[in-house]
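Grab a viewer and work through these exercises. Each one sets a task, then walks through a solution.

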Amino acid sequence: MTRNLLKNPSGEEQLEFWELTENGGSQWKVEDMPGDCGHDFCNDGVTKYFATSFELCLKRQVIDLLDEGYSGEQLDAQPTVSVEDWYCGRTDCGCTYQMTVCLLDDNHEVIQEYKPDPVTLDPDSDDCSWKQVRREGEMNSLNIQRLVLEYRGTLRSERSQFIISSFVVNGKDNFSLET
């Protein structure tokens with residue numbers, strides 16, 4: 001079973017299903033593609049994207065795997081988790097992007113975390129077009145029940161940075177999740 005567990009990954013439903021933990025500056029918003037970013041996306045089916053602001057913006061989504069229909073036995077089989085995300089920046093100001101993925105147990109304690117270093121895009125030295133970040137690894141522990149995906153963005157001016165969310169969990173033995 002492969003399916004997208006992340007609800008509203010690119011903003012088609014505005015900010016529905018996302019918890020806005022920081023909403024600074026001009027706040028999180030959803031824009032139509034290509035909008036102010038000015039860059040076409042590689043998938044014509046994606047028509048919207050999330051935009052951050054000049055002050056810290058954080059959003060997150062918690063996915064309860066048991067509520068999504070997966071059994072404890074399936075989760076204990078330690079499926080492979082693949083995280084994939086796309087981001088870009090404006091061509092007239094720099095920005096910083098960071099993604100964090102946490103695997104939680106039934107007590108909401110972090111069992112595993114993937115948090116790459118922040119990425120800074122500078123229009124003076126980068127093309128600021130859409131870039132993909134991808135990470136793959138196994139769930140190394142038993143009792144994982146929740147996935148948390150968090151995005152962090154800030155800008156160096158009163159402009160926007162742009163994010164399209166995608167998260168994939170590929171399993172072993174015909175078990176897979178996609179978020």
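**Exercise 1. Classify Cys57 and Cys88 as buried or exposed, then say how many disulfides a search of the whole structure finds.**

Step 1: set the classes. Buried means under 20% relative accessible area, exposed means over 50%, and partly exposed is what lies in between (1.4 Å probe, protein chains only).

Step 2: apply them. Cys57 has 0% relative accessibility, so it goes down as buried. Cys88 is also at 0%, so it is buried too.

Step 3: look for disulfides, meaning pairs of cysteine sulfur atoms within 2.5 Å. The search of the whole structure turns up zero.

A word on the ground rules: this is a predicted model, where local features need pLDDT of at least 70 and side-chain atom pairs count only at pLDDT 80 or more, while totals for chains, interfaces and linings use all residues. Residues are numbered from 1 along each chain as its sequence is written, and side-chain values use heavy atoms, with hydrogens and water left out.

**Exercise 2. Find where Glu68 sits and which side chain it contacts.**

Step 1: locate it. Glu68 is in the loop between β4 (57-64) and α1 (72-76). Helices (H or I, at least four residues) and strands (E, at least two) are DSSP runs, numbered from the N terminus.

Step 2: check the burial. Glu68 counts as buried because its relative accessibility is 19%.

Step 3: find the partner. Its side chain makes a polar contact with the side chain of Lys7, at 2.9 Å. Such a contact is a pair of N or O atoms within 3.5 Å; within protein, one must be able to donate a hydrogen and the other to accept it, and residues adjacent in sequence count only if both atoms are side-chain atoms.

**Exercise 3. How many salt bridges does the structure hold, and which parts of the chain does the Glu19 and Arg60 pair link?**

Step 1: fix the criterion. A salt bridge is a side-chain nitrogen of Lys or Arg within 4 Å of a carboxyl oxygen of Asp or Glu.

Step 2: count. There are five.

Step 3: take the pair. Glu19 bridges to Arg60, with the closest N and O atoms 3.1 Å apart. This links distant parts of the chain: Glu19 is in strand β1 (residues 19-23) and Arg60 in strand β4, 41 residues apart. Glu19 is partly exposed because it has 41% relative accessibility, and Arg60 is partly exposed because it has 27%.

Step 4: add others. Among them, Glu31 and Lys29 meet at 3.2 Å, N to O. Here Glu31 is buried, at 11%, while Lys29 is partly exposed, at 31%. Asp127 and Lys131 form another salt bridge, with closest N and O atoms 2.8 Å apart.

**Exercise 4. Work out which strands pair with β6.**

Step 1: start with burial. β6 covers residues 95-104, and nine of its ten residues are buried.

Step 2: list the partners; two strands pair if DSSP finds at least two bridges between them. β6 runs antiparallel to β8 (residues 119-121), joined by three bridges, with Cys95 opposite Leu121. Four bridges link β6 to β7 (residues 110-114), again antiparallel, and Val101 stands opposite Tyr114.

Step 3: check the hairpin. β6 and β7 have five residues between them, and His108 in this hairpin takes a positive phi near 65°.
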